[in-house]
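Reader: I am a first-year student, and I would like to understand one part of this model closely instead of skimming over the whole of it. Please choose a part, begin with whatever I need for the wider setting, and then take me through it slowly.

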Amino acid sequence: MSQPGWTSAKPVGDLVAGTLDPVLRKRGLARMEIVAWWPEIVGEAYAALTIPERIRWPRDGRAATLVVRCDPSVALQLSYELEPVRQRVNGYFGHSAVGAIKIVQHPVGAARRSAPTPREPDPAKMDGLERRLDHADEGLRASLLELGRAVLARS
C-alpha cells in the first residue's frame, strides 16, 4: 500500500545514468553501462585495479581502441590477458567494436589507500548524542549512535 504522493523506490543507477552519459560520451564511452559492467568484463582480479578510460573511434570505420587505466602492480599481468578481455568487451557491445586495448599505467581508485585509523570521538559529544537519542526506537537508536560515533570521530 503506497502513501499518497509517494512513488516507488528506484535504483540509484537508474537515477544517475542519464546524468553521467554525456560525461562518459565525451570520453568516448558511449554508454555508462560499460563502466558499471567493468567488473564482470575484466573479472574480480582486475576490477578494483583497472577502469575503462576512453574508447577511441577511428574516422575510417575500423574497430576502436579501448584505453584502460591500470594500476602498475597488475599492468604486466593484464597485458598477457588482453585478448580474452577484448573478446568480453566485444561481447558486451554485441559486435567487434574494439580491435585493440591500450593500457595506461596509473594508480586506480582507493585500492591502494590504506584505511585511516579510527579515532575515539570526544566523550562529551558522545554523551550529548546519547541523550538526544534516548527517545528513539532501539534499532534506530543503535544505527544513529554508530553513525554519530563515526562522524564525531572524524571531526
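Author: Let me begin with a word that will return several times: two residues are in contact when they have heavy atoms within 4.5 Å of each other. In this model, which is predicted, residues 24 or more positions apart account for 56% of the contacts in the protein chain with a separation of 6 or more. The chain has 155 residues, of which 28% are buried, and its accessible surface comes to about 11100 Å², with carbon and sulfur atoms providing 56% of that area. Its secondary structure consists of eight helices and three strands, which follow one another from the N terminus in the order α-α-α-α-β-β-α-α-β-α-α.

The part I have chosen is helix α6, and a good place to enter it is Arg86, which sits in this helix, residues 82–93. Arg86 has a relative accessibility of 19%, and since buried means under 20%, it counts as buried. What does the side chain of Arg86 meet? One partner is Glu83, with which Arg86 forms a salt bridge with 2.7 Å from N to O. The two residues are three places apart in helix α6, so about one helical turn separates them. Glu83, for its part, is partly exposed, with a relative accessible area of 38%, whereas Arg86 is buried.

The side chain of Arg86 also has a polar atom that lies 3.1 Å from the backbone oxygen of Val98. If we set aside the neighbours of Arg86 within four places in sequence, the residues in contact with Arg86 are Val98, Gly99, Ala100 and Ile101. The next residue, Gln87, belongs to helix α6 as well, but Gln87 is partly exposed, because its relative accessible area is 49% and exposed would require over 50%. The C-alpha atom of Gln87 is separated by 9.8 Å from that of Ala97, a residue 10 places away along the chain.

We can now follow the helix to its last residue, where the aromatic side chains come in. Two aromatic pairs occur in the structure. In one of them, Trp57 and Phe93 are arranged edge-to-face, with 6.5 Å between the centres and 75 degrees between the planes. Why does this pair deserve attention when we ask which parts of the chain are tied together? Trp57 is in the loop between β1 (50–56) and β2 (64–70) while Phe93 is in helix α6, so the pair ties together parts that lie 36 residues apart in sequence. Both partners are partly exposed, Trp57 with a relative accessibility of 44% and Phe93 with a relative accessible area of 25%. Phe93 takes part in an edge-to-face pair with Tyr92 as well, this time at 5.1 Å centre to centre and with 70 degrees between the planes. Tyr92 is partly exposed too, since its relative accessible area is 21%. Taken together, Trp57, Tyr92 and Phe93 make up one aromatic cluster.

It helps to set the salt bridge of helix α6 beside others in the model, for the structure holds four of them. Glu53 and Arg69 form one, with their closest N and O atoms 2.8 Å apart. This pair links distant parts of the chain, as Glu53 is in strand β1 and Arg69 is in strand β2, 16 residues apart. Glu53 counts as buried at 16% relative accessibility, and Arg69 counts as partly exposed at 29%. Another bridge joins Asp134 to Arg141, where the closest N and O atoms are 3.5 Å apart. Here Asp134 is exposed, with a relative accessible area of 52%, while Arg141 is buried, with 19%.

As a last point of comparison, consider a group of side chains on the surface. Leu140, Leu144, Leu147 and Val151 form a nonpolar patch there, with about 340 Å² of accessible area together, and one of these residues, Leu147, is placed in helix α8, residues 138–154. When you return to helix α6 in the model, you might look again at Arg86, which forms a salt bridge with Glu83 and has a side-chain polar atom 3.1 Å from the backbone oxygen of Val98, and then at Phe93, which forms an aromatic cluster with Trp57 and Tyr92.

Technical notes. Residues numbered from 1 in each chain as written. Predicted model: local features only at pLDDT ≥ 70, side-chain atom pairs only at ≥ 80, totals over all residues. Heavy atoms only, no water. Patch = residues over 30% accessible without salt bridge, like charges linked within 9 Å, V, L, I, M, F, W, Y side chains within 5 Å. Areas by Shrake-Rupley, 256 points an atom, 1.4 Å probe, with all protein chains shown as cover. Salt bridge = Lys/Arg side-chain N within 4 Å of Asp/Glu carboxyl O. Helix = DSSP H or I, 4+ residues; strand = E, 2+ residues; numbered from the N terminus. Buried < 20%, exposed > 50% of the residue type's maximum accessible area, 1.4 Å probe, protein only. Polar contact = N/O pair within 3.5 Å; in protein donor to acceptor, adjacent residues only side chain to side chain. Phe/Tyr/Trp six-rings, centres within 6.5 Å; stacked < 30°, edge-to-face > 60°.
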